[in-house]
Amino acid sequence: MKAITIKPNIIGVEVRDVVVKETLGRGQALIRTVMTGICGTDRGLVSGKISFAYPPEGFSFLILGHEGLGRVEEIGDGVTTLKKGDYVVPVVRRGCGQCLNCKIGRQDFCETGKFVEAGIRGKHGFMRELFVDDEKYLVKVPEEVKDVAVLTEPLSNVVKATEELLFIQRRMIWTCEDSTFECRNAYIVGTGPIGTFFAMTLRTLGFQVYLLNKREPSETERYISEKIGAEFYDTKLGIDKLPDADLIVDTSGVPEAFLPLMKKMRHNSALILFGTMEGEKAEMMSDLVTEIVEKNILIIGSVNASKKDFQGALNYLSIWKYRYGDVLNRMITSKVEVEEAPEVLSKKVKGEIKAVIKWS
Ligand code: BGC
Ligand code: ZN
C-alpha cells in the first residue's frame, strides 16, 4: 500500500509502496485512512531534527502521521463499540505496559518513558492507506463533525493541558466573584492551530483571550479571532497596552517570545509551556526568578493526551461547529493529494493554519 515514510534523523520524506504485515486480531479493527493532518512535529521529523524519532522494530523506515481520521473497514471478533463505516480517530501514544498510569489509560503521563507514539517514535503512523488498531485506541467520531474531525488530535492536547491548568489552579480560588473566569486574561503566544485551539477553548470557558504574534493577522486569522471573540495583538506594537495576564500559553517554544511577557503576570498566575523548538536561546534574570517565587507563579509543561481528551476534543468540535459556523473549516487552509504531501511536509506555506492530506 501507499505510505509516506521517513528515515528517522535523516532529512527527507517520500511516498512509496510499503509492506506492513498486520492481521486483524481479536478486539481490533481495520481502518481505511480518510485524512491525516500535518503539524510542526511532522516537519521536524522530515527535517531530521527530532532526536527521539525511531522506526518500529525490524524496520529501517517510519511511516509518518499522528493526526489521523479513518473509517472502519472491518472489525475483528470481540469488538463491541465500533461497526463498519464508523469514523474514528486513533490516539497517538501507546503505553509502556509497566507503570500504573499506562495501565489505566493515562499513557500521556507514562513514568518509564518506554511508550511508543504512532508516526513519531517506535510505531508506524497513519499516513498510509490502511492500518489495524485496537478498539481501545480508537475514538468514535460523532456524525456531525466528521468533516473537521482530522483536527481532533491536536485539539486533544489542548484539552488535556487546559484540564491540568484548571486542576492545579484549585490550589486557591481562581474563579471570579460571579463564579466564572470572565475576569481572567490569557495571552496565547503563537497563532497556529494549537494557539487557535487554546484561544477557542479558553474563550469557551469564559477567559478574555489575546492571541499574540509579532505581526499583523492574516485575513483568516482576523476572521477567526473576531468570530471567537479573541483579540489578535501584534507584539511589535509593544506590550504595555496589554492588560496584565492570569495565564500565558506558549505554543512557540521560543523563550525570547514568552520570557519578556512574564513581567505582566499577575499573582497566582500560570504559564503553560506547550511549544517545542530546538536551539533557541534567551537570557533569564534572577529578578524574574524572584517574581515567579513572590507571585506564586506556576509553570506547567504539557504533552500528549489520553483517550478521554480526544472525546473532549470531539465535544468541543461539535459545540464550535454550531457556535462559530465555518471557523473550523477555515482552519483547514489546504487539502492536498498524497503525491503532493512531501512538498507540503518540507515547507510550510504562508497563511497556513492546518494542512491536511486526503487519502480516501
Ligand atoms: C503530538 C503528541 C506527541 C508529541 C511528541 C505532538 O505533535 O500531538 O501526541 O506526544 O508531538 O512530542
Ligand atoms: Zn501533531
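Guide: Buried means a relative accessible area under 20%, exposed means over 50%, and partly exposed is in between. This model is predicted. Let us start with the metal.

Visitor: Which residues coordinate the zinc ion (ligand 2)?

Guide: Look for the donor atoms. Cys-39 gives SG, His-66 gives NE2 and Glu-67 gives OE. The distances to the zinc ion run from 2.0 to 2.6 Å.

Visitor: How are the donor residues of the zinc ion spaced in sequence?

Guide: The pattern is C-x26-H-E. Cys-39 sits in the loop between strand E3 (28-38) and helix H1 (40-46), while Glu-67 belongs to strand E5 (residues 67-75). The pair therefore ties together parts that are 28 residues apart in sequence.

Visitor: Is Cys-39 buried or exposed?

Guide: Apply the cut-off. Cys-39 has 14% relative accessibility, so it counts as buried. Glu-67, at 2%, is buried as well.

Visitor: Now ligand 1. Which residues are around ligand 1?

Guide: Read the shell as a list, then sort it. Cys-39 and His-66 are in it, as are Thr-41, Phe-52, Val-92 and Glu-117. The list goes on with Ile-120, Arg-121, Glu-153, Asn-157, Val-303 and Asn-304. Sorted by type, the shell has 5 nonpolar, 4 polar and 3 charged residues. Cys-39 and His-66 thus appear twice in our tour: they are around ligand 1 and they coordinate the zinc ion.

Visitor: Which side chains have an N or O atom at a short listed distance from an oxygen atom of ligand 1?

Guide: Take them one at a time. For Glu-153 the distance is 2.7 Å. For Asn-157 it is 3.1 Å. Asn-304 also places a polar side-chain atom 2.9 Å from an oxygen atom of ligand 1.

Visitor: How much of the accessible area of ligand 1 does the protein cover?

Guide: Compare with the ligand on its own. Ligand 1 alone has 320 Å² of accessible area, and the protein covers 85% of that.

Visitor: Where does Thr-41 lie?

Guide: Thr-41 is in helix H1. At 26% relative accessibility, Thr-41 counts as partly exposed. Check the fold around it too. Thr-41 and Glu-278 are 237 residues apart along the chain, and their C-alpha atoms are separated by 12 Å.

Visitor: What is the sign of phi at Asn-304?

Guide: First the background. Most residues other than glycine have a negative phi. Asn-304 has a positive one, about 65°, although it is not a glycine. Its place is the loop between strand E17 (298-301) and H8. Asn-304 is buried, at 7% relative accessibility.

Visitor: What about Asn-9?

Guide: Asn-9 also has a positive phi, near 70°, and is not a glycine. It lies in the loop between strand E1 (2-6) and strand E2 (14-17). At 42% relative accessibility, Asn-9 counts as partly exposed.

Visitor: On to the cysteines. How many disulfides are there?

Guide: A disulfide is a covalent bond between the sulfur atoms of two cysteines. The count here is 1. Cys-176 is joined to Cys-183, with an S to S distance of 2.1 Å.

Visitor: Is the link of Cys-176 and Cys-183 left-handed or right-handed?

Guide: Read the angle about the S-S bond. It is -95°, and the link is left-handed. Its two ends have their own accessibility values. Cys-176 is buried at 12%, whereas Cys-183 is partly exposed at 38%.

Visitor: Which cysteine sulfur is nearest to that of Cys-99?

Guide: That of Cys-102, at 3.6 Å. The cut-off for a disulfide is 2.5 Å between sulfur atoms. Cys-99 is in no disulfide. Cys-99 is buried, with 10% relative accessibility.

Visitor: Last, the serines. Where is the place of Ser-252?

Guide: Ser-252 is in the loop between strand E15 (245-250) and helix H6 (255-258). At 18%, Ser-252 is buried. Then look for its partners. The side chains of Ser-252 and Asp-250 make a polar contact of 2.7 Å. A polar atom of the Ser-252 side chain also lies 3.0 Å from the backbone nitrogen of Val-254.

Visitor: Which side chain does Ser-318 contact?

Guide: Glu-144. A polar contact of 2.7 Å joins the two side chains. Ser-318 is in helix H8 (residues 307-324). With 19% relative accessibility, Ser-318 counts as buried.

Conventions
Residues are numbered from 1 along each chain as its sequence is written. Chains are lettered from A and ligands numbered from 1 in the order in which they are written. This is a predicted model: local features need pLDDT of at least 70, side-chain atom pairs count only at pLDDT 80 or more; totals for chains, interfaces and linings use all residues. Side-chain values use heavy atoms; hydrogens and water are left out. Donors are N, O and S atoms within 2.8 Å of the metal (3.2 Å for Na, K and Ca); water is not among the atoms, so sites may look incomplete. Helices (H or I, at least four residues) and strands (E, at least two) are DSSP runs, numbered from the N terminus. Buried means under 20% relative accessible area, exposed over 50%, partly exposed in between (1.4 Å probe, protein chains only). A residue is near a molecule or strand if one of its heavy atoms lies within 4 Å of it. A polar contact is a pair of N or O atoms within 3.5 Å; within protein, one must be able to donate a hydrogen and the other to accept it, and residues adjacent in sequence count only if both atoms are side-chain atoms. Accessible areas come from the Shrake-Rupley method with a 1.4 Å probe; for residues, only the protein chains shown count as cover. Ala, Val, Leu, Ile, Met, Phe, Trp, Tyr, Cys and Pro count as nonpolar, Asp, Glu, Lys and Arg as charged, and the others, Gly among them, as polar.
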